[in-house]
Every structure is written in structure tokens, then in C-alpha cells.
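Q: I'm new to this one. Can we go through it together, a piece at a time?

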Amino acid sequence: MAKPPGGASDSRLELEADAAATAVYDEVQDDRAGGSGGSAGPGGSGASGVSFSALRNRLRLPPTFRRPMAIIGMSIIVLWFLVAIFVPWIAPYDPLAQQFDRLQAPNAVNWFGTDSLGRDVLSRTLYGARISLPLALILVVASAIIGSVLGAVAGYFGRAVDEIIMRFSDLVFAFPTIILAMIVTAALGPSLTNAVIALLLVSWPSYARVMRSMVLGARSREYVVAGRLLGFSPFTSLRRDILPNVAAPVLVLATLDFGNAILLLSGLSFLGLGATPPTPEWGAMVADGVQQFSDWWLAAFPGLAIFTVVVAFNLVGDALRDSLDPRTAGAVQGVKI
Amino acid sequence: MTLVTFTLANLVPADPAQAALGERAASDPAIVAAFREAQGLDKPVVTQYLVYIGHLFQGNLGTSTQSHNPVSQDLSVAFPATAELALFVIVFSIIIGVGLGTWAALRQNRFSDQLFRVLSLVGISIPTFWLALAAFYVFFYQLRLAPGTGRLSASLQAPPRVTGLYTVDALVAGQYTTFFNALSHLILPGLVLILYTVGLLVRFSRSAVLDVLNQEYVLAARAKGLSPSRVVFRYVLRGASLPILTIVGLAFGSLLSGTVLTEQVFGWGGIGQYAYKSATTLDLPAVMGVGLVVGVVYILTNFIIDVVYGVIDPRVRVQ
């Protein structure tokens, strides 16, 4: 992916980026496409003044998102979020109304067929976006915040605080995510809220680890020490000097984690530990498909929905990571099967 | 480790007596009291823990409230099932995943690199339970190529136990029909998990190999005029083996501690399914047993990886 897409345009910026990329390529250097584009960015806007092409360049997507895979991923994500917002106007039928013949194969009226209670699978799949996306968003944001704060505190203060927090995260890491989440959900009682709580419990440590190592690296920088000498309290120093400088890898991790969150949530629902029956949740719908095994359309479409969302987030996350290339983000990303 | 599983199991707000006895029996206080006494639930928590630890040292993990078997007996059946699947998956995943990852790194940004990266992304993005279901539908229901659920067809007896791995035991006993049957049952769940694990390994080994390709010693090896294959196998892969090993260990550990969703779909009867069954029925001794097995597996895989680090990289040994 050395050449930026859309090579027909002859703007100077693009030529520069192209040349840089080719040079790098010739030297057989490990320089991801995002990196070369990024170095060309500031130079281009400074050189061409207030010309039309410079303005156009400024309005364009950042180089990270100009790669075809990232664009595909971004479009799918935007599409799904639009669906989630506007689903009452998009979905052809009520997702809960049992108004059709049971177990119809896909046809002109019900494009995705109907389920064992005569509900429209297409409408249910579309409404599923309203359940999975917001919950996954809450889960990722909450665990990123909790994990980052704990990791930052552990890294900044060190000693006993560090020991306690990191031993806790080690313990969580020792268990496979799904088993731990399963035990917690089963104990709290199956519901979507409890599934999110359980997953929150198991997903914060990866953020804590990344954050801790970043903070450990930043803590002894001169500007941080200078801030402390100026009389900043430890928390002010953390908030003003350290966190803004180490936030990017956490953002990348969160993007990559979004796909995992969707997978785990739907996995728990598939096991009957998440969404309860009438809810059109994707994992629960796939589980319905297990009951009616011969009727493939019950499980196929919600499964595809999960897959497209997860792939999209992974594509974007990958692009973000390539542009940033923090080895730390890739290293501790859990293995979730 | 034991403390954690124990605390976790005891912190649950739900009442295990209620769950184990069912609603009718649980409404009778006498039965509940008897159950609590039998399980030692009437004693203080600390005493319960000490009793549990004491039994643990005698190899007694308690009795499952669901199967009424000793938990250790249940686990000794479930763990080999999971281990067999995990070994099958990890062997093929290493060969395919590391191979493709290295290839992708060597042809960075060419077509095959792009292709493998997209494929590996697909591999880790597909919900495993859905893929398992789809594979089962296509190969079992439609094409009749694969056998049904479980580890053996119903008509066959499990081979005499040596290792608990059906394929190995069948070979040892010379029962070739059983061997091929067990193998054919392995293939479908194996493929589903292989796709995921390969996706993971391709990503990590690609970036590990790319890192090494930039090292000066690789450039030096090339400059000396060594053949490309020699450079790759003797210099690059050796240098990249530590990070690859780390992720292989993680993947193997998580395969060994039970792949709940896949095992559930294929009715595999391994640790994952046992964990699911005992968690949903609040079978606390069984849950703690699973926690223990998982913990031991985690510690053991980490230990083995550390040892292998030392074998591969002499610098680790010195420290």
C-alpha cells in the first residue's frame, strides 16, 4: 500500500508522499504507508500557501484513513451507526411483531425470511444494531477509562499501588475472558446489563497495562519533572503533562477492542447469558438458529451483521495502529477465542 | 489462585442451594439446611476456604452438585478432550500461521501480503460460534461430509484410556476404525479454531518478522551473499521466534483452557463446555475446579515458554 489511492490527482502533496513512499520502498525499509504519508502532511500545507489545492488537501481525510481498507472499514461503521440511529424508518417491519407465517425462507416480502415466531429477520437484524453498538460503545469507553486511570495511577505512583493494581490485572489475565465473564454473568443473573458489567470486569486490564507502560516511560521526562518542580500536584501532573501525551495508543487499543466487545457480547448472548428472549440481539438470534438448524437464514444474517461490524472496526483499528505503530498496543491485546 | 477462584465463587450473590435443589426442594427449609451442611455451606467462609485447601492437597476438589461425581473425575474426562482439540489446532496453526505471516512480511505491501492480511483479519473477526454453526450446517447437514457432534460416533466405544486423547489411545490400542472416527470428529471444530488462531498468528508473526528484517545483522547476512532461504530460516526466523513464541503460548493457553463457544456448538464435552454447564447451574465446586485447571494451565504454559525462551535465546539464560 505504498501509493496513496486516487493517484490521478496531481497535487504536490500527493507527489511528495508518493516519492517518499517509493524511496522508502526501494530501501526495503519497514515503513508503513501511514508513516510516509504523515511526514508529508505538514510539509505540503506549508509549501503551497492559500491555494485551492491546499484548501482541498486540508479538507481531505487524514492519511491514515486514505487507504482503501480503512475507507471500507470506516464506511461500514458509519453505515451501521446510521442504521442504529434511523432504524425505525429503515426497518420494513416491527422487530417484535409476530405477523408472518413461521419460518419462511427469504422471499420478496421478508428479504431475510422469518423466524420461528413469525417475526421478520431483516427488521430484527437491523434493530440489533441498536443493541450491540451502544452497549459495545459503553463497554469500550468505560473499560478504557477505568483501565487507563488505574494503569496511569499504577505507573505514576509505583510501589504498593502499582503492585496491587497490576496483580489484580494479572489475575484477570490468567483467566480466559469468556470463562470469567460467563461465571460473573451466571452469578449475577443473565441480562444484557450484567453481561456488560461482567465484560467490563475482564476488559479493563489490557488498558491498564498499556497505560502503565506508557506512563512509566513518560514519568521521568524533563517536562514532567519541570511541572512537578513548578508545584503541580501529582494528579495535576498526570492530567496535564502525561495523559495527553500517552492517549493515542489507548485510542488505538479501544478501536481494536470494539470488535472484541461486539464478539464477546454476542458470544455471551449466544450462550443465553446476555439478551433475554424477545430482544433482537445478534448473538441471541444466532442461538435461535441453532434450535431451527435446517433454516439457515435465522443464524446467517445476524452472524453476518456481527462479522461486518467487527471486521470494520478491526480494519480501522489496524490503519490507526499502522499510522501510530505503538508496539505496546499489539503486545498485550488478549487472545479471545 | 485458589484464593481467587474461591472468592469469586463465594462472592456471587445467588444462592447455590437454590440453584442446585430446584424451586420445590428449596422452599423446604429442612432440605436446604441439610444441603448446606453436606456442602459445608453453613460454616464461616474462612473455614470453608481452609477445608477446601485441605481437601485440595489430597486431590479432592469436592463433588459437583450437578453431576454428583467428584469434580476431579469430571475434569479428568473434560480436560483431555480439550487438550486433544487444542493440540490439533495449535500444531496446524503454527505451521500455517507462521508460514503465511513470514511470507507476508517478506513480500511486504505486495499482493500476497495484502491478501494474507485481509484473510487474517477475517479470521479474527468472524464470530467463532457462528462459523462453527455455519461449518456444521454446510459440512454435516448439507454435504454429509463431516460426522455429527461429540468426539466419537455413538456406535463406537471410547478406546482404553492411556492419555485420554481418543486419537492417541485408539492408535495405542490398535483400533484403527476408532482412530479415524475420532480424527474425523476433530476436523470440523479444529478447522473453525484453526482459522481464528491462524489469523492471530499471521498478524503477529508478520510484524515480528518485519521488525527483524530491519536489523543490521540481516542486512549483513544478505551482504555476505547467503542464499535468501538461509537468511530467512537461520537469521530472520530465529530472531523473530521470541515474540512469535509469546503469542503462540498465549493462544495455546487459551485453547487449553477451553473454547467455550466452539465446544458448545460441537458438543465437545471439554473444559469449556464443563465451565459453561457449571457456571450456568452455579455448581460452585465445579466452577472452582475449572478455575483451578485454567490457572494451572496458565502458569504451566508461561513456565514452558520461559524455558523455551532460554533454549532459543542464550541471552535469556545468562540473566
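Q: How do the axes of α13 and α14 of chain B cross?
A: In this predicted model, the axes of α13(B) (residues 271-280) and α14(B) come within 9 Å and cross at roughly 145°. Axes are lines fitted to C-alpha atoms, for helices over the stretch in contact, and angles run from 0 to 180 degrees between N-to-C directions. Helices (H or I, at least four residues) and strands (E, at least two) are DSSP runs, numbered from the N terminus.

Q: Is that crossing left-handed or right-handed?
A: The crossing of α13(B) and α14(B) is left-handed: the near helix is turned anticlockwise from the far one by less than a right angle, and clockwise would make a crossing right-handed.

Q: Which residues meet there?
A: From α13(B), Ile271(B), Tyr274(B), Ala275(B), Ser278(B) and Ala279(B) meet Ala286(B), Val287(B), Val290(B) and Val293(B) of α14(B). By class this contact has eight nonpolar, one polar and no charged residues. Ala, Val, Leu, Ile, Met, Phe, Trp, Tyr, Cys and Pro count as nonpolar, Asp, Glu, Lys and Arg as charged, and the others, Gly among them, as polar.

Q: And Val294(B), why does it count as buried?
A: Val294(B) counts as buried because it has 24 C-beta neighbours inside 10 Å. The cut-offs are 20 or more other C-beta atoms within 10 Å for buried, 12 or fewer for exposed, and partly exposed in between, with C-beta atoms placed from the backbone. Val294(B) lies in α14(B), residues 284-312.

Q: What is Val294(B) in contact with, beyond its neighbours in sequence?
A: Leaving aside neighbours within four places in sequence, Val294(B) is in contact with Phe175(A), Pro176(A), Ile179(A) and Ser257(B). A contact needs two C-beta atoms, placed from the backbone, within 7 Å.

Q: So chain A comes in. How many residues of each chain are in contact?
A: 39 residues of chain A are in contact with 45 of chain B. On the chain A side, α6 (159-174), α7 (177-188), α10 (234-270), α11 (282-291) and α12 (297-324) each supply at least two residues. The largest share, nine residues, comes from α12(A). That side has 27 nonpolar, 10 polar and two charged residues.

Q: How do α10(A) and α12(A) pack?
A: They pack at an angle of about 165°, with their axes 9 Å apart. α10(A) and α12(A) are therefore roughly antiparallel to each other; angles under 35 degrees count as roughly parallel, over 145 as roughly antiparallel, 65 to 115 as roughly perpendicular and the rest as oblique. Their crossing is left-handed.

Q: Back to chain B. How many helices and strands are there?
A: Chain B has 15 helices and zero strands. Of its 319 residues, 44% are buried. In α10(B), residues 216-223, the count of buried residues is zero among eight.

Q: Where is confidence lowest and highest in chain A?
A: It is lowest in α13(A), residues 327-331, at a mean pLDDT of 37, and highest in α5(A), residues 121-157, at 87. pLDDT is the predictor's confidence in each residue, from 0 to 100. It stays under 50 over residues 1-48 of chain A and over residues 326-337 of chain A. Where pLDDT is low, the predicted coordinates should not be read in detail.

Q: What about numbering and cut-offs?
A: Residues are numbered from 1 along each chain as its sequence is written, and chains are lettered from A and ligands numbered from 1 in the order in which they are written. As this is a predicted model, local features need pLDDT of at least 70 and side-chain atom pairs count only at pLDDT 80 or more, while totals for chains, interfaces and linings use all residues.
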